[in-house]
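Work through the exercises below with the sequence and the model side by side. Try each task before reading its solution.

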Amino acid sequence: MTTCDHAESCIFFNELMADMPSTLGEYKQRYCQGNFQGCARYMAREALGVDSVPLNLLPHQLERIDAILSVNRRNFHP
């Protein structure tokens, strides 16, 4: 099984979820060590970079990805 490249540095799992060990374990198994490419946080990070991933974005919130990408593209001025 492939593990997400961002598992060690993911602020969501390593800081925000630290006080919720049972939920953390479930999320890590499903996303970090499973379908990490289906993780909303992974998708946002890959598309926009780590600094543009909303802290409150949960791994299963795929419905928010389009809005996040759209807002960030509008705010991008090369």
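**Exercise 1.** Decide whether Gln61 is buried or exposed, and describe its surroundings.

Step 1. The relative accessible area of Gln61 is 15%. Buried means under 20% relative accessible area, exposed over 50%, and partly exposed in between, with a 1.4 Å probe and protein chains only. Gln61 is therefore buried.

Step 2. This is a predicted model, in which local features need pLDDT of at least 70 and side-chain atom pairs count only at pLDDT 80 or more, while totals for chains, interfaces and linings use all residues. Residues are numbered from 1 along each chain as its sequence is written, and side-chain values use heavy atoms, with hydrogens and water left out.

Step 3. Place the residue: Gln61 sits in the loop between helix H3 (40–48) and helix H4 (65–75). Helices (H or I, at least four residues) and strands (E, at least two) are DSSP runs, numbered from the N terminus.

Step 4. List its partners. The side chain of Gln61 comes to 2.8 Å from the backbone nitrogen of Leu58. Not counting residues up to four places away in sequence, Gln61 touches Ala40 and Asn56; contact means heavy atoms within 4.5 Å.

**Exercise 2.** Which residues of H3 are buried, and what follows just after H3?

Step 1. The buried residues of H3 are Ala40, Arg41, Tyr42 and Ala44. Ala40 is also one of the residues touched by Gln61.

Step 2. Just after H3 comes Gly49, with a positive phi of about 100 degrees.

**Exercise 3.** Describe Cys39 and Leu69 in terms of place, burial and contacts.

Step 1. Cys39 belongs to the loop between helix H2 (21–32) and H3. Its relative accessible area is 5%, so Cys39 is buried.

Step 2. Leaving out residues up to four places away in sequence, Cys39 touches Tyr31, Pro59 and Leu62. Cys39 and Ile65 are 26 residues apart along the chain, and their C-alpha atoms are separated by 10.0 Å.

Step 3. Leu69 is part of helix H4. Leu69 is buried because its relative accessible area is 13%.

Step 4. With residues up to four places away in sequence set aside, Leu69 touches Ala47 and Leu48. Leu69 and Gly25 are 44 residues apart in sequence and 28 Å apart in space, C-alpha to C-alpha.

**Exercise 4.** Is Thr2 buried or exposed, and which residues does Thr2 contact?

Step 1. Thr2 lies in the segment before helix H1 (11–16). Its relative accessibility is 54%, so Thr2 counts as exposed.

Step 2. Apart from neighbours within four places in sequence, Thr2 is in contact with Cys32, Gln33, Gly34 and Phe36. Thr2 and Cys32 are 30 residues apart along the chain, with 8.4 Å between their C-alpha atoms.

**Exercise 5.** Summarise the protein chain as a whole.

Step 1. The protein chain has four helices and zero strands. From the N terminus on, the order of elements is α-α-α-α.

Step 2. A compact globule of 78 residues would have a radius of gyration near 12 Å, so the 13 Å of the protein chain agrees. The radius is taken over C-alpha atoms, and the globule rule is 2.2 Å times the number of residues to the power 0.38.

Step 3. Along the principal axes, the C-alpha atoms fill a box of roughly 40 × 25 × 20 Å. Buried residues make up 32% of the 78 residues in the protein chain.

Conventions
A polar contact is a pair of N or O atoms within 3.5 Å; within protein, one must be able to donate a hydrogen and the other to accept it, and residues adjacent in sequence count only if both atoms are side-chain atoms.
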